[in-house]
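I opened this notebook to keep track of what I looked up, entry by entry. What follows is in the order I checked it.

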Amino acid sequence: MKNSIINNFLEDINNNSDLKDQLRSACSKKKNLYDFLSEDVILFAEKLGYHITLKDCLDYQSDGNLGFVKLRKEIFFSPIKRLITVISSICFFMISISVGLSFLMNQNKHEENIQNLDTKEKSNEQDSENGDNAEEEPHEVVGALDFSSKKCGYDAREIAEKLKKYDYSPQIRVPGDSPKKVVFLTFDDGPSLTVTPKILEILGKNDVKATFFVVGEEIQQKGRDAILKRTLNEGHALANHTFAHDFSFLYPKGWLNINNFLLDLEKVDIALKNTLGDKFQSRVVRAPGGTDSWKGMDALEEYISKQNMALIDWNVVAGDAETSRKSASQLLSRVISSSRDMSLVVLLLHDSTYKTETVKALQEIIDYYRKENFEFGILV
Ligand SMILES: [Zn+2]
C-alpha cells in the first residue's frame, strides 16, 4: 500500500498515549496550523524513524484521505475538545429523543454556515420524497454550493481543455442542452476587505455568479473569513490561486518548483477548510502569472490531471492588473474588443485591494455580456 508510511506512523501514535502526548506538546506552542502540520509532525515522525515526504502526504490525500487535515484530526484532537464533543453528543441525543427528529435540523445552529446552508438545501430537496432524512450529514462541497453548481456550474477541466485548444465555440453544459455562449467572470488575488464586498454586491444585484481564485495569505487576514463565507453562500465558486502568490517561491528563476507549488496549494486547501469546514474542497487551480509565463509547467499539468483537478488560465483580460493603471472605461473597452466573435470567454479580473476601477467597470461589463446573449457560468 503506497501510503503505508503515514498509516503506520498514525497507528504508532494512536496506540501509544505517551507518544500522543509528546507530539501534542511538541506542537502546542505553534500558533500557525501549517507550521505544526508541515514541519513539527514530520520532524516528530522523523524521530520515530518515519521519513514522511510531501509526496507521501499528497498520495495519502489522493487515496481519499484528507491528508494533513486528517492527520490533524487524528492526532491533535485534544482531550478537552473530545470531552466537549462527548458532552455535546449526549445533549444532542437527548434533545433529539425528546423533541423528535423533525426538530433535529434546528439543533445544529452552532454548525458552520456552509453546513447549515447545505443541510437546508438537501432537506428542501428531500422533504417531498422522504421526511426521515433530517439526520443526514452535510455532503461534500466541491467549489461551490450545490444550488449554484446545478444552476450554472461548468466542469472546469473541460473549459481548461477548450482554452488550451483555442476553441472558443459555444458550450453545452448539460448533455441534451443546446450550445450556449458562456462567460466566466473570474476574480483573482482576493478576498479583500474593500473591493470584494462591492463586487459581491454588484453580482448579487444582477443575479450573476462568478469564480473567485483566492490567495491563502489573504484569506488569513483579519475579517476576510466572513467575506469568504459570504462569497460561497451567495453561490459563487472558490478556487485555489496558491498560498503566497510568490513568483520566486513557485517559479525560482522562471522554472516551476513543483514541490513548492503543491505545498502552496495544500496550504490554501487547509485554509479554506478551516474557514468553510472540512467538507469544502476545490479542484480548480489558477497558476499565478498564468501557465504560459513559466517553464517546466508540464509536471504541474500532469499532477493536476492525475488528481482530476483543473488548471485554468483565461482568454480575455480587462487589463486591471497591468502596471499602467487603467480607468473603468478603458477596462470595459478592452473587454468588449477582446470578446468579439467569441462564444466562450474566461475573463480575468481582480478583486484585490485598490482594484476600484474594476468595481466601477463591472456593471457595464455584465450589461455588455447580457446584451450579447452570454450566460454567466462558474468553474467547478
Ligand atoms: Zn494572481
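Before placing any loop, I fixed my terms: helices are DSSP runs of H or I with at least four residues, strands are runs of E with at least two, and both are numbered from the N terminus. The model is predicted.

**Entry 1: the cis bond**

With those terms I placed proline 191. It sits in the loop between β3 (182-188) and α11 (195-206). I then checked the bond before it. The peptide bond from glycine 190 to proline 191 is cis, and its omega is near 0°. I noted the background too: most peptide bonds are trans, and most residues other than glycine have a negative phi.

**Entry 2: positive phi**

I went through the positive phi values next. Lysine 253 has a phi near 55°, positive although the residue is not glycine. Lysine 253 belongs to the loop between α14 (247-250) and α15. Is lysine 253 buried or exposed? It counts as exposed, because it has 7 C-beta neighbours inside 10 Å, and the cut-off for exposed is 12 or fewer.

Asparagine 308 is another such case, with phi near 65°. I found asparagine 308 in the loop between α16 (298-306) and β8. It has 9 C-beta neighbours inside 10 Å, so it counts as exposed.

I also logged a glycine. Glycine 235, just after α13, takes a positive phi of about 95°.

**Entry 3: the faces of α13**

That took me to α13 itself, residues 224-233. Which residues of α13 are buried? I listed Arg224, Ile227, Leu228, Thr231 and Leu232. Looking down the axis of α13, I see these buried residues within an arc of 135°, so they line one face of the helix. The spacing fits the general rule: an α-helix has 3.6 residues a turn, so residues three or four places apart point the same way.

**Entry 4: the whole chain**

I stepped back for the totals. The chain has 18 helices and twelve strands. Of its 380 residues, 36% are buried. I then looked at contacts between residues at least 6 apart in sequence: 78% of them join residues at least 24 apart.

**Entry 5: the cores**

The largest nonpolar core has 73 residues. Those with the most contacts inside it are Ala156, Phe184, Val285, Ala310, Ile312, Leu347 and Leu379. Which helix gives the most to this core? Helix α15 (residues 258-276) does, with seven residues. A second, separate core has eight residues, among them Ile6, Phe9, Leu23 and Phe44.

I followed up valine 285. It lies in strand β7 (residues 284-285). Valine 285 is buried because 24 other C-beta atoms lie within 10 Å, and 20 are enough to count as buried. Setting aside residues up to four places away in sequence, valine 285 touches Ala239, Asn240, Leu265, Ile304, Met309, Ala310 and Leu311. I also took a distance. The C-alpha atoms of valine 285 and alanine 156 are 9.3 Å apart, with these positions 129 residues apart along the chain numbering.

Leucine 347 came next. Apart from neighbours within four places in sequence, leucine 347 is in contact with Val183, Phe184, Leu185, Thr186, Trp314, Val316, Ala318 and Val335.

**Entry 6: aspartate 313 and lysine 164**

I placed aspartate 313 in the loop between β8 (310-311) and β9 (316-317). It has 17 C-beta neighbours inside 10 Å, so it counts as partly exposed. Neighbours within four places aside, aspartate 313 is in contact with Leu163, Arg286, Gly290 and Thr291. The C-alpha atoms of aspartate 313 and leucine 347 are separated by 9.3 Å, and the two are 34 residues apart along the chain.

Lysine 164 is in helix α10 (residues 156-164). With 13 C-beta neighbours inside 10 Å, lysine 164 counts as partly exposed. I paired it with tryptophan 314, 150 residues apart along the chain: their C-alpha atoms are separated by 9.7 Å.

**Entry 7: α17 against α18**

Last, I checked a helix pair. At what angle do α17 (residues 328-339) and α18 (residues 356-371) pack? The angle is about 35°, and the axes are 8 Å apart. The crossing of α17 past α18 is right-handed. From α17, the contact uses Ala328, Leu331, Leu332, Val335 and Ile336. From α18, it uses Glu357, Thr358, Lys360, Ala361, Glu364, Ile365 and Tyr368. I sorted the contact residues as eight nonpolar, one polar and three charged.

Technical notes. Residues numbered from 1 in each chain as written. Predicted model: local features only at pLDDT ≥ 70, side-chain atom pairs only at ≥ 80, totals over all residues. Axes fitted to C-alpha atoms, helices over the stretch in contact; angles between N-to-C directions. Left-handed = near helix turned anticlockwise from the far one by under 90°. Contact = placed C-beta atoms within 7 Å. Nonpolar A, V, L, I, M, F, W, Y, C, P; charged D, E, K, R; others polar. Arc of directions from axis to C-beta. Core = buried A, V, L, I, M, F, W, Y, C linked by C-beta atoms within 7 Å.
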